[in-house]
Amino acid sequence: MKKAKGEKIITEKHFEKTLYDYMRVYIDKNISNIINKAKKEKELMMKILFEPESIEFDISDDRIKFLYLNGVIDDCDGKCCVKVPLYYKKLYNHFKPQTNGERNKMLKFEEDLNKYIDENKNLKLNELLKRYTEYIKSRGAVMFKGRNYYEGVYQYNLDQFLSAYIELLGGKVYPETQIGGGRIDLMVMYNRKEYLIEIKANIIKYEYEISKRQIKEYIKRKGLKEEWLIIYSNTIKDFEYNLEEENGIKLHIWFIKTNFENPSKMGNYLNRGKRL
């Protein structure tokens, strides 16, 4: 590995530097080819990337056949997926919803980030998610209204928000990470501890109950103590947090409201009020 030349042990820093360069610096012919092929089927690619396991793998579909034959996607238990982690990360970065300048809306100038770390140097993720709900209350109408980016707009928005804070604190956020044979939507790494986040959008109660059972089983199977489930919904009336404890494990559940008033309509309404 070039980043660890002369080193006997490859560290996390070497990995991070190599990954950063592949994402932001290097012009790799194979990766460039993958992106160019993916761009030819952008709408389908967005679904595959940002709504995992939503597209059945069917080679009779010419779009799927094209992406498969060009090495962009593969068959993962009957669903379309991007198997190569480096390809996935590059495609995710390329097709992610554009939210330029939003970081300045996420971070408060006067905010003391130390309040998100406890005395044992553990991340107080629930406090950070509480701050996230405040951000969405002020910016949700701009970020979510009229977007056509499938569930990806929610996942990337949370990814961007958490990254803004956690990277300043010295941690990292990884999207769509493979862990022990399973896949997690977001994995936060801070002080060598993993915080796992599963994301769902616009599901009904039946799907919600299934998701909870699956996550609880996953927590037990992996010997974990807690996990986070984030539900984005356009039908709930307000934000909500629930904690479910069972046999020593915790499932933190956050409901995020997404049905906001169209900002342009709200502006027109306020302007009419001023004229009155």
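Author: A helix here is a DSSP run of at least four residues, numbered from the N terminus. Thr-133 has its place in helix H7. The model is predicted.

Reader: Is Thr-133 buried or exposed, and how do you know?

Author: Its relative accessible area is 7%. Buried means under 20%. Therefore Thr-133 counts as buried.

Reader: Which residues is Thr-133 in contact with, leaving aside its neighbours within four places in sequence?

Author: They are Phe-239, Trp-254 and Ile-256. Contact asks for heavy atoms within 4.5 Å.

Reader: What does the whole protein hold in helices and strands?

Author: There are 10 helices and 8 strands. Of the 276 residues, 43% count as buried. The protein exposes about 16300 Å², and carbon and sulfur atoms supply 47% of that area. Take the contacts between residues at least 6 apart in sequence: 59% of them join residues at least 24 apart.

Reader: What makes a set of residues a nonpolar core, and how many residues has the largest?

Author: The residues must be buried, of a nonpolar kind on a fixed list, and joined through side-chain atoms within 4.5 Å. The largest such set has 39 residues. Leu-158, Leu-162, Ile-197 and Tyr-232 have the most contacts inside it.

Reader: Which elements give two or more residues to this core?

Author: Two are helices: H7 (125-144) and H8 (152-169). The others are strands: S4 (182-190), S5 (193-201), S6 (226-233) and S8 (249-257).

Reader: What is Ile-197 in contact with, leaving aside its neighbours within four places in sequence?

Author: Its partners include Leu-158 and Leu-162. Leu-125, Ile-184, Leu-186, Val-188, Trp-228 and Ile-230 are also among them. So is Asp-185.

Author: There is a second, separate core of 24 residues. Ile-31, Ile-35, Ile-73 and Cys-80 are among its members.

Reader: Why can Cys-80 belong to a core?

Author: Cysteine is on the list of core residues, and a core residue must be buried. Cys-80 has a relative accessible area of 3%. The cut-off for buried is under 20%, so Cys-80 passes.

Reader: Why is the sulfur of Cys-80 not in a bond with Cys-81?

Author: The closest cysteine sulfur, in Cys-81, is 7.8 Å away. A disulfide needs two sulfur atoms within 2.5 Å. Therefore the sulfur of Cys-80 is too far for a bond.

Reader: How do you know that Cys-76 and Cys-81 are joined by a disulfide?

Author: Their sulfur atoms are 1.8 Å apart. The limit is 2.5 Å, so the pair counts as a disulfide. The structure holds 1 disulfide. The link is right-handed, with 50° about the S-S bond.

Reader: Which of the words buried, partly exposed and exposed fits Cys-76, and which fits Cys-81?

Author: Cys-76 has 26% relative accessibility. That value lies between 20% and 50%, so Cys-76 is partly exposed. Cys-81 has 14%. That is under 20%, so Cys-81 is buried.

Reader: Why is the pair Asp-61 and Arg-63 called a salt bridge?

Author: Side chains of opposite charge can pair when their charged atoms come close. The closest N and O atoms of Asp-61 and Arg-63 are 2.9 Å apart. The cut-off is 4 Å, so the pair qualifies. Arg-63 is partly exposed, at 38% relative accessible area.

Reader: What makes Glu-111 and Lys-115 a salt bridge?

Author: Their closest N and O atoms are 3.7 Å apart. That is within 4 Å, so this pair counts too. Glu-111 is buried at 14% relative accessibility. Lys-115 is partly exposed at 46%.

Reader: How many salt bridges are there in the whole structure?

Author: The search finds 13. One of them joins Glu-246 to Lys-220, with closest N and O atoms 3.2 Å apart. This pair links distant parts of the chain, 26 residues apart. Glu-246 is in strand S7 (residues 240-246), and Lys-220 is in helix H9 (residues 205-222). Glu-246 is partly exposed at 30%. Lys-220 is partly exposed at 37%.

Reader: Which residues are linked in a network of salt bridges?

Author: Glu-246 and Lys-220 are in it. Lys-205, Glu-209, Lys-212, Lys-216, Glu-217 and Glu-244 are in it as well.

Reader: What makes the nonpolar surface patch?

Author: Ile-59, Tyr-68 and Leu-69 make it, and its area is about 290 Å². Tyr-68 is found in helix H4 (residues 62-69). A patch residue needs over 30% relative accessible area. Tyr-68 has 35%, so it clears that cut-off.

Terms used. Residues are numbered from 1 along each chain as its sequence is written. This is a predicted model: local features need pLDDT of at least 70, side-chain atom pairs count only at pLDDT 80 or more; totals for chains, interfaces and linings use all residues. Side-chain values use heavy atoms; hydrogens and water are left out. A salt bridge is a side-chain nitrogen of Lys or Arg within 4 Å of a carboxyl oxygen of Asp or Glu. Buried means under 20% relative accessible area, exposed over 50%, partly exposed in between (1.4 Å probe, protein chains only). Patches are made of residues with over 30% relative accessible area and no salt bridge: like charges are joined within 9 Å, nonpolar side chains (Val, Leu, Ile, Met, Phe, Trp, Tyr) within 5 Å. Accessible areas come from the Shrake-Rupley method with a 1.4 Å probe; for residues, only the protein chains shown count as cover.
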